[in-house]
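Subject: Handover of a structure and notes on its helices and strands

Dear colleague,

Please find below the structure that I am passing on to you. I would be grateful if you kept it open while reading the notes that come after it.

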Amino acid sequence: MTMDDNNKVKLDNDTIRNIAKALADVQQEQQKAQFKGSSITLIDYMQDWLQMKKQTNIDVKTYESYESRYRNHIKPFFEADAPKLTDVDTNAVSAFVGALREKVDNTSIRFSMRTLHDVFTVLSIALNEAVRGNYIPRNPCDNVRLPKVKKTQKRAITKEEVKKLYDYARGANHFNWIAIPLLFETGMRRGELLALTWKDVRYDIEQRTHYINITKAVGAEKKATIHEYTKTQSGVRRCYISAKLYNLMMEYREKTQHNKRTYVITQKTKDGWREPRNFNRTMKQWCDKTGVDADTSPHSFRHAYATYMMMAGQPMDAVMRQAGWSNERMIHYYTDDAVMSQKQPEVAEAMGRLTEGMF
């Protein structure tokens, strides 16, 4: 074979590869055209998606979080090239994550690894719904690896701290003192607590016990309002309460509210629910007066609820129903690692008793 023949073979091979690539590109474009995302940009889709979210029963705080992460991070990155939704592939999402990582490394910007994960989650949620809506064939976020985020320690309020707060608030006959045992014994969210009315406190004839019907919550937005839904679908629930707590609530209603208020946690001067910021301010004042950790908030009681119920060995499904959690992962998120680790020696002793005589 001559040199010219070798060049001819090489030329033929290059041509074949180019033809194959061109055919693959055409086929790929044809496949993209089958999806609605081929005619809409990612930016336009995200804006429509946010508008749709706003019109559904999504918590206002959650919507504001989605909108903020889109406006401040997703939109600025993808706006310049304005890619079609079907053109946003794994490489594009990886580049986006890389840009977010640079923000984390930039010490002059308050942008944490936790925020990076939150921004990525918003994009992934939106694209998951794009798959279900036949806009794209698959979610390009699925194969993108994120840098690990260090788990922050969640502190549960202790029983001793709860007792201090209760004794102080009850002793001063503060008009919201019932909030302390209510938060601790039910683990309910702050917004759910503030939206409670006395009509929500009911009696289950079959089980012969009282419960609180939780169906609404005070939102956390700047101008707070009562929403006729809870943070999650599983948040709508019956939260059963002990006879002791029920009797305490009735005592509070009679002696502190004089049976004249609609809401369980009420304003002092009139019959109305308390705004979250004002309630937080009250909680902080109680902590200051009693020397309880300054970082304590109404949510600290929710962490305590998960922690103490797990320590008591209560069935996980029942705990989830009581607190309104959708899956077991949330219980593990809320449990206090420091407190739970103290139970490990007891677990070891229990196993030792189980295996006695075996080894």
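The notes below begin with the whole chain and then turn to helix packing, the sheet and some loop residues.

Please bear in mind throughout that this is a predicted model.

The chain as a whole

The chain has 359 residues, of which 40% are buried. Its secondary structure consists of 15 helices and 5 strands. Among the contacts with a separation of 6 or more, 66% join residues that lie 24 or more positions apart in the sequence.

Helix α7 and its partners

I suggest that you start with helix α7, which spans residues 179–186. Three helices that pack with α7 are described here: α6, α10 and α11.

Helix α6 covers residues 159–171, and its axis lies 9 Å from that of α7. The angle between the two is about 155°. Because angles over 145 degrees count as roughly antiparallel, α6 is placed in that class relative to α7. The crossing of these two helices is left-handed. On the α6 side, the residues that meet α7 are Lys159, Val162, Leu165 and Tyr166. Their counterparts in α7 are Ile180, Pro181 and Phe184. By class, this contact holds 6 nonpolar residues, 1 charged residue and no polar ones.

Helix α10 (residues 276–290) meets α7 in another way: the axes come within 12 Å and cross at roughly 100°. The two helices are therefore roughly perpendicular to each other. From α7, the contact involves Ala179, Ile180 and Leu183. From α10, Phe279, Met283 and Trp286 take part. The contact of α7 with α10 is made up of 6 nonpolar residues, with no polar and no charged ones.

The remaining partner in these notes is α11, which runs from residue 298 to residue 311. Here the axes are 7 Å apart and the packing angle is about 40°. The helices α7 and α11 are therefore oblique to each other. In α7, the contact is made by Ile180, Leu183, Phe184, Glu185 and Thr186. In α11, the contributing residues are Pro298, Phe301, Ala304, Tyr305 and Tyr308. Sorted by class, the residues of this contact are 8 nonpolar, 1 polar and 1 charged.

You may wish to find Ile180 in the viewer. This residue of α7 takes part in the contact with α6, in the one with α10 and in the one with α11.

The sheet

An open sheet is formed by 3 strands in the order β1-β2-β5, and their pairing is antiparallel. Its edge strands are β1 (201–204) and β5 (237–241), each of which pairs on one side only. On average, neighbouring strands of the sheet are turned by 40° against each other, with direction ignored.

Strand β2 comprises residues 209–214 and pairs with β1 over 4 bridges in the antiparallel sense. Two facing pairs are easy to look up. Asp204 stands opposite Thr209 in β2, and Tyr203 stands opposite His210 in β2. The hairpin of β1 and β2 has 4 residues between the strands, and Arg208 in this hairpin has a positive phi near 55°.

Residues in the loops

Two asparagines also deserve a look for their backbone angles. Asn173 has a positive phi, near 50°, although it is not a glycine. This residue sits in the loop between α6 and α7. With 44% relative accessibility, Asn173 counts as partly exposed. Asn259 likewise has a positive phi without being a glycine, its value being near 55°. The loop that holds Asn259 joins α9 (243–255) and α10.

Finally, is there a loop residue that illustrates how positions far along the chain are placed in space? Consider Ser38, in the loop between α1 (3–33) and α2 (42–55). The relative accessible area of Ser38 is 27%, so this residue is partly exposed. Ser38 and Pro83 are separated by 45 residues in the sequence, and their C-alpha atoms are 9.5 Å apart in space.

With kind regards

Technical notes
Residues are numbered from 1 along each chain as its sequence is written. This is a predicted model: local features need pLDDT of at least 70, side-chain atom pairs count only at pLDDT 80 or more; totals for chains, interfaces and linings use all residues. Side-chain values use heavy atoms; hydrogens and water are left out. Axes are lines fitted to C-alpha atoms, for helices over the stretch in contact, and angles run from 0 to 180 degrees between N-to-C directions. Angles under 35 degrees count as roughly parallel, over 145 as roughly antiparallel, 65 to 115 as roughly perpendicular and the rest as oblique. Contact means heavy atoms within 4.5 Å. Ala, Val, Leu, Ile, Met, Phe, Trp, Tyr, Cys and Pro count as nonpolar, Asp, Glu, Lys and Arg as charged, and the others, Gly among them, as polar. A crossing is left-handed if the near helix is turned anticlockwise from the far one by less than a right angle, and right-handed if clockwise. Two strands pair if DSSP finds at least two bridges between them. Buried means under 20% relative accessible area, exposed over 50%, partly exposed in between (1.4 Å probe, protein chains only).
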